[in-house]
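Welcome to a short set of exercises with worked solutions. Keep the sequence and the 3D view open beside you, and try each task before reading on.

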Amino acid sequence: MTWPTTLSIGAPPVLTSTIISAHLVDYLIVAIYFVFVLGIGLVARRQVSDSVDFFLSGRSLPAWVTGLAFVSANLGAVEIMGMSANGAQYGLPTVHYFWVGAIPAMLFLGVVMMPFYYGSKVRSVPEFMYRRFGTGAHLVNSISFAVAQLLIAGVNLYLLGTIIQALLGWNLYVALVVAAIIVLSYITVGGLSAAIYNEVLQFFVIVAALLPLTLLGLHKVGGWSGLKDQITQAAASNPDGPTAAQQLSSWPGTALTGFSSDFLSVIGIVFGLGFVLSFGYWTTNFVEVQRAMATDSISSARKTPIIGAFPKMFVPFITIVPGMLAAVLVTEIAKTKAGDTVAGGAGGTVTYNDSLIYLMRDLLPNGLLGVAIAGLLAAFMAGMAANISAFNTVFSYDLWERYRVPGREDGYYLKVGRWATVGATVVALFTALFASGFSNIMDYLQTLFGFFNAPLFATFILGMFWKRMTPTAAWIGLIAGTLSAVTVAILSEGTLGSLSVGVLPLSGQGASFVAAGAAFVVDIVLSVAISLVTEPKPDSELRGLVYSETPKEDLVDEAEKSLPWYQRTLPLAGVALVLVIALNVAF
């Protein structure tokens, strides 16, 4: 792993050359956007009277608000820079992160798992783990989740800093500090409500930024057929890179996975990404689940991820396609893809993470450029705010209150949550340095998801559908699963940069799929074996926590029956499933 010289702590905060040439109108648009962001935070502050208001918006928000926030919270580094980087490097196979690696799990969360989360009235996902398995699994889950959010918040903060650097030419470290202060200001003031309402605003700003970029780029290359022709020509002159066929068809996705076998590539995508990583992220990640838990009813909680699935399935057209366009329209990205080392970018050398910034530079006129800059800033703030707001809830409720200072008045934990927000933002400044060492940020993120989400999903899904699973099995399975994912990552080629030893012939994001699969299998096998020789909890304590022990009436909202079909959970989920199957077939 190499570190950009601009990230030296002792580097002076001097201006460098900018990538984007913004004019006064662009700065004005960005300034207006920030006025709205801070204004929402101040308005939300009036609604914060206790810790439930701060951490869960008082459980009062409608489904359409939380549904858009559900998507927007994920429209950070992963969606914007990570997916455009993947689009530039691999092409269409990147859509698997959406149509295989997101939508099915989001529908499963809404239909099956949200009734347990919302119905049990837990304040966080780790608290659900506590009720099901007790202290051991709860402590492991709380600590691992908190660490993961600090690392991923650093990803969003790093990319937010690169936009400020590209716009103003500041030293990247100074840009990181400025970006952190902006996000910190409105989360600390308004809590989750400020984050969620800003995420709704940010969703529309992001679309307004990326849709014109996509349309202008396609117009310049002669439409979709022109883009395919140019990718074909570029691939023909670069025998060391992925072929045109690999880039222009989503299946079997060998360029993305790094597997030479088509069959193994499909297995890796379907099992490693589509099942383990995807379900592990969307069904147990409190960053997302927290949005659904802030709703006004169990019906709204179930519909939140399902409503979010509809815009989510079309996000590839404004994230992946621009990356593919950058690979043929932007000279710096095209040379990078051809194997050249090109000076420039956010860190001194052009990487795939710079694709969108350079495409904005080349295609957008001033004015529209300001909207695009605001959209990128919105995306990274949405992602970082989601990580920080989830972290402060878990830290305050699941770690500080339960293990450090229990039994204090509500106002005390509200103060702890605000200080946790400040502390997490400061830590994210340093975890941003790790993110800067990856030329494709998705490599880093998928590695983290394999470590933290895959074993957690195994524990959750087994514990939710098998009442015999024991507390001892839960915490041992979690630790063993995480360690197995770390082991595979270290043994593979390049997944962890200088920490990798290259014993296993795995590279790219396929290594992360294998690591996640290993974590899941190890966790399941150990949990089953240990459960058979240890004492389970009595059935009387499992209502609302295990499917077989929970009456059906506890899992549904009877009032839904009187609503039209398009406002009911199952019909909405069915429509979304049909659409995503059609997209997989078409591409």
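**Exercise 1: A proline in its place**

In which loop does Pro252 lie?

*Solution.* Step 1: Pro252 lies in the loop between α11 (244-248) and α12 (254-257). Helices here are DSSP runs of H or I with at least four residues, strands are runs of E with at least two, and both are numbered from the N terminus. Step 2: look at the bond before this proline. The peptide bond from Trp251 to Pro252 is cis, with omega near 5°.

A word on the source: this is a predicted model, where local features need pLDDT of at least 70, side-chain atom pairs count only at pLDDT 80 or more, and totals for chains, interfaces and linings use all residues. Residues are numbered from 1 along each chain as its sequence is written, and side-chain values use heavy atoms, with hydrogens and water left out.

**Exercise 2: The overall picture**

Find how many helices and strands the protein has, and what share of its residues is buried.

*Solution.* Step 1: the protein has 24 helices and two strands. Step 2: of its 587 residues, 61% are buried. Buried means under 20% relative accessible area, exposed means over 50%, and partly exposed is in between (1.4 Å probe, protein chains only). Step 3: turn to contacts, which means heavy atoms within 4.5 Å. Among contacts with a separation of 6 or more, 81% join residues 24 or more positions apart.

**Exercise 3: An enclosed helix**

Decide how enclosed helix α14 is, and how α6 packs against it.

*Solution.* Step 1: helix α14 covers residues 286-293, and eight of its eight residues are buried, so it is largely enclosed by the rest of the structure. Among these buried residues are Phe286, Glu288 and Arg291.

Step 2: two packed helices are described by the angle between their axes and the distance between the axes. Axes are lines fitted to C-alpha atoms, for helices over the stretch in contact, and angles run from 0 to 180 degrees between N-to-C directions. The axes of α6 and α14 come within 11 Å and cross at roughly 75°. Therefore α6 and α14 are roughly perpendicular to each other. The cut-offs are under 35 degrees for roughly parallel, over 145 for roughly antiparallel and 65 to 115 for roughly perpendicular, with the rest oblique.

Step 3: name the partners. Leu109, Met114, Tyr117 and Tyr118 in α6 meet Val289, Ala292 and Met293 in α14. By class, this contact of α6 with α14 has seven nonpolar, no polar and no charged residues. Ala, Val, Leu, Ile, Met, Phe, Trp, Tyr, Cys and Pro count as nonpolar, Asp, Glu, Lys and Arg as charged, and the others, Gly among them, as polar.

**Exercise 4: A second helix pair**

At what angle do the axes of α15 and α24 cross?

*Solution.* Step 1: the axes of α15 (residues 298-312) and α24 (residues 569-586) come within 10 Å and cross at roughly 20°. That makes α15 roughly parallel to α24. Step 2: the contact of α15 with α24 has eight nonpolar, two polar and two charged residues. Among the residues that meet are Arg302 and Lys303 in α15, and Leu572 and Leu579 in α24.

**Exercise 5: Rings that pair**

Count the aromatic pairs, then describe the one formed by Phe108 and Phe279.

*Solution.* Step 1: rings of Phe, Tyr and Trp (its six-membered ring) pair if their centres lie within 6.5 Å; planes under 30 degrees apart count as stacked, over 60 as edge-to-face and the rest as tilted. By this rule there are 22 aromatic pairs. Step 2: Phe108 and Phe279 form a tilted pair, 5.3 Å centre to centre with 55° between the planes. Phe108 is in helix α6 (residues 103-119) and Phe279 in helix α13 (residues 262-284), 171 residues apart. Step 3: Phe108 is partly exposed at 21% relative accessibility, whereas Phe279 is buried at 12%. Step 4: ring pairs link Phe108, Phe271, Phe275, Phe279, Phe457 and Phe520 into a cluster.

**Exercise 6: A threonine in α13**

Is Thr284 buried or exposed?

*Solution.* Step 1: Thr284 is in helix α13, and at 1% relative accessibility Thr284 counts as buried. Step 2: leaving out residues up to four places away in sequence, Thr284 touches Tyr117, Val125, Phe279, Asn453, Leu456, Phe457 and Phe460.
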